[in-house]
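Here is a short set of exercises to work through with the model open beside you. Try each task before you read its solution.

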Amino acid sequence: MSTPTRVEPARKQKVRRIGPRARAERREAIVLVLPALLPIIIFSVVPLVSGVALGFTDATLARNADVSFIGFGNFIALLGDERFWASFGIGLIWAAAVALLTLVSAMGLALLLNSDLRLKGFTRVLALIPWAMPPVVIAIVWRMIYNPNSGPLNAALESVGIPGVNWLGDFRTALPAVIIVGVWAGMPQTTVLLLAGMQSIPPEQHEAAAVDGAGSIRRFWHVTLPALRSVIIAVTILDFIWQFNSFGLVYVLTEGGPGGRTMIPPLFTYLEAFRNREIGYASAMGDVLVIAIMVILSVYLVHQFRQAKEARR
Amino acid sequence: MTAETTPMPAVGDSTRTIVMGKDTARRPEKRRKMSGTKALQYAALSVYLFFLGFPLLWLLSASFKSSQELNSLSANLIPQEWVFTNYENALARQNLLMSAGNSLIVAISTTVITLLLSMPMAYALARLQGRLRAAGTVWILASQVFPAILIIIPLFLVMRTLHLNDTLFGLTLVYVTFTMPFTLWMLQGYIAAIPRDLEEAGEMDGAGRWRVLRSIVFPLLRPGLVATAMFTFVSAWNEFFLALVLIQSPELYTLPITLRSFLGAEGQTQLGPLAAGAVLATIPSLIIFSILQKKLTGGMLAGAVKG
């Protein structure tokens, strides 16, 4: 991360020295960038800006309807909307649980893959498969597993005398069941990133600790974990945000049910926009979600910035 | 013995393996004491193997089971009677094949257009300096954390205005836009890894920028391009949310949308053909991922480290 800042000053001097060529380079840059920039502006920047703005209107999906600005009206209504805040809370639980459980289980798997065990190559390939699977297929598979009448989970439970559970249909088990699927789907990426981090730890550090008589647990605690600190924090924050924004998995698994117990915010917003056709109100919800994410991100960035400052001292 | 413990490809360098080799060779007396730990490690590994592998095996086995067996409560992984009609039934459903075709068209055109558009920009990001580069990087990162739900509502309106909603072409353009942050990130990493001296040598010999790009940069970029193309294909093939919102006509459904529509109301679902269709929908992505397996970490890290 620190390498680019070291290179940058040298390059800038070079530009200043060649003067007119820099101007030619800028023109060239525009030509290079323009083809990619056009779709980005039309399909990403324009929607983004108008999405933020839509939150301040009473727009509906109906064609040719009169749209008027209503200021903070949507947001004031949102403040008192208990269903939205319930959904917001479910979203926080879902994202935090998936991010943390994924971190813990991926850490374990990465440690195993980083030690010299047999079957490692096989496990590595297997561990990547959930990453390749379409989210819809993942949800279909787990619906089969959780199926109360024909799923292997209940079959196994009943064979040892425990009554079956309607995993995705029961108020108490629906959210945990969905979280497990989120962990299953998210583990590959996190494992790969943690494994890459582990392999960039200089082996000398482990050697030195081993010479000092540190066992594998203490080496994990005092060598691996501190070295992985920044990777762990970055991966977990990203995971949290991705899960907080995710849609497909839960939509296909439960559609937010039973009784809204798995109604994560993107799903709630989607239904408000495309089923109730209240796109102004739904956009206001989107704005609130963006603010929530920006708060989380800025906490992380301030933390990073402070660390970088300390490191420079 | 440690020679087999090759680090994750393209991440660790070969010198590290040699150092690690010394590491274990130095304390052979510890080997026997470790065997208890080893047993624990294998136990943990098998728990992971079960957790990760079981859902896949279950899907595969369900696709070969008879409907009676699928509707009974049993945890048998091996079908009591092997049935192949699930695949026939799945393929016989007109809309499954048609949506597979739609998915293929969208995924291939997304890949081609994305690469054509992002190659020049990735080059600019990797080679040119200053504010443009900083702005590009910030946008790439920001796009990773923005909730798609906020963009999809106005995007739906934009598409409706441009008469592009409910068309495969419109869906493709949206996919291009949304995969570009990732392809740019990967590609600029690969480009930054190509020594600049090579290009400068080409310029010295009097070749113009485009000539340099065509005969020096692109050939060296080919492995990176292939990996990026595969990634783009898989993400377009697997995508669900944008297609759900932007496509309304059943004859334009992509594969994930059709599979989801097969779920239907609880109880009416024909599990066998559904499982068979799910297996078929996964095969292209699986093939590509197994080819990509080694590049997976390499590409992402090339972007991260050299960025």
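**Exercise 1.** Is A201(B) buried, partly exposed or exposed?

*Solution.* Keep in mind that this is a predicted model. Start by placing the residue: A201(B) sits in helix α9 of chain B, which spans residues 196–204. Next, count its surroundings: 13 other C-beta atoms lie within 10 Å of A201(B). A residue needs 20 or more such neighbours to be buried and 12 or fewer to be exposed. A201(B) is therefore partly exposed. As a last step, take a distance: S290(B) is 89 residues from A201(B) in sequence, and their C-alpha atoms are 37 Å apart in space.

**Exercise 2.** Place E88(B) in its helix, and find how far P273(B) is from E88(B) in sequence and in space.

*Solution.* E88(B) belongs to helix α4 of chain B, residues 85–92. Because E88(B) has 11 C-beta neighbours inside 10 Å, it counts as exposed. Now turn to the pair: 185 residues separate E88(B) and P273(B) in sequence, while their C-alpha atoms are 8.1 Å apart.

**Exercise 3.** Describe the secondary structure and overall dimensions of chain A.

*Solution.* Begin with the elements: chain A has 13 helices and zero strands. For the dimensions, the C-alpha atoms occupy a box of roughly 65 × 60 × 35 Å along the principal axes. The radius of gyration of chain A is 25 Å, whereas a compact globule of 313 residues would have one near 20 Å. Then look inside: 39% of the 313 residues count as buried. Among contacts with a separation of 6 or more, 68% join residues 24 or more positions apart. Finally, check the confidence: pLDDT averages 85 in chain A, and 94% of the residues score at least 70. Over residues 1–16 of chain A, pLDDT stays under 50, and the model has four contacts beyond four places in sequence for this stretch.

**Exercise 4.** How many residues of chain A and of chain B are in contact with the other chain?

*Solution.* The count is 80 residues of chain A in contact with 77 residues of chain B. On the chain A side, helix α2 (residues 20–54) gives the largest share, with 17 residues. Sorted by class, that side holds 56 nonpolar, 16 polar and eight charged residues.

**Exercise 5.** Which residues touch the most other members of the largest nonpolar core?

*Solution.* That core has 148 residues, and the ones to pick out are I140(A), V141(A) and A278(B). Why does the core lie between domain 1 (2–88) and domain 2 (90–306) of chain B? Both domains give residues to it, so it lies between them. To follow one member, set aside the neighbours of A278(B) within four places in sequence: A278(B) is then in contact with V137(A), I140(A) and V141(A), and with L59(B) and L259(B).

**Exercise 6.** Compare the backbone and surroundings of R277(A) with those of H163(B).

*Solution.* First, the background: most residues other than glycine have a negative phi. R277(A) is not a glycine, yet its phi is positive, about 65°. H163(B), also not a glycine, has a positive phi of about 55°. Next, locate them: R277(A) is in the loop between α12 (265–274) and α13 (279–312) of chain A, and H163(B) is in the loop between α7 (148–161) and α8 (168–192) of chain B. Last, the neighbours inside 10 Å: R277(A) has 14 C-beta neighbours, so it counts as partly exposed, whereas H163(B) has 9 and counts as exposed.

Key. Residues are numbered from 1 along each chain as its sequence is written. Chains are lettered from A and ligands numbered from 1 in the order in which they are written. This is a predicted model: local features need pLDDT of at least 70, side-chain atom pairs count only at pLDDT 80 or more; totals for chains, interfaces and linings use all residues. Helices (H or I, at least four residues) and strands (E, at least two) are DSSP runs, numbered from the N terminus. The radius of gyration is taken over C-alpha atoms; the globule rule is 2.2 Å times the number of residues to the power 0.38. Two residues are in contact if their C-beta atoms, placed from the backbone, lie within 7 Å. Ala, Val, Leu, Ile, Met, Phe, Trp, Tyr, Cys and Pro count as nonpolar, Asp, Glu, Lys and Arg as charged, and the others, Gly among them, as polar. A nonpolar core is a set of buried Ala, Val, Leu, Ile, Met, Phe, Trp, Tyr and Cys residues joined through C-beta atoms within 7 Å. Domain bounds come from an automatic or database domain assignment. pLDDT is the predictor's confidence in each residue, from 0 to 100.
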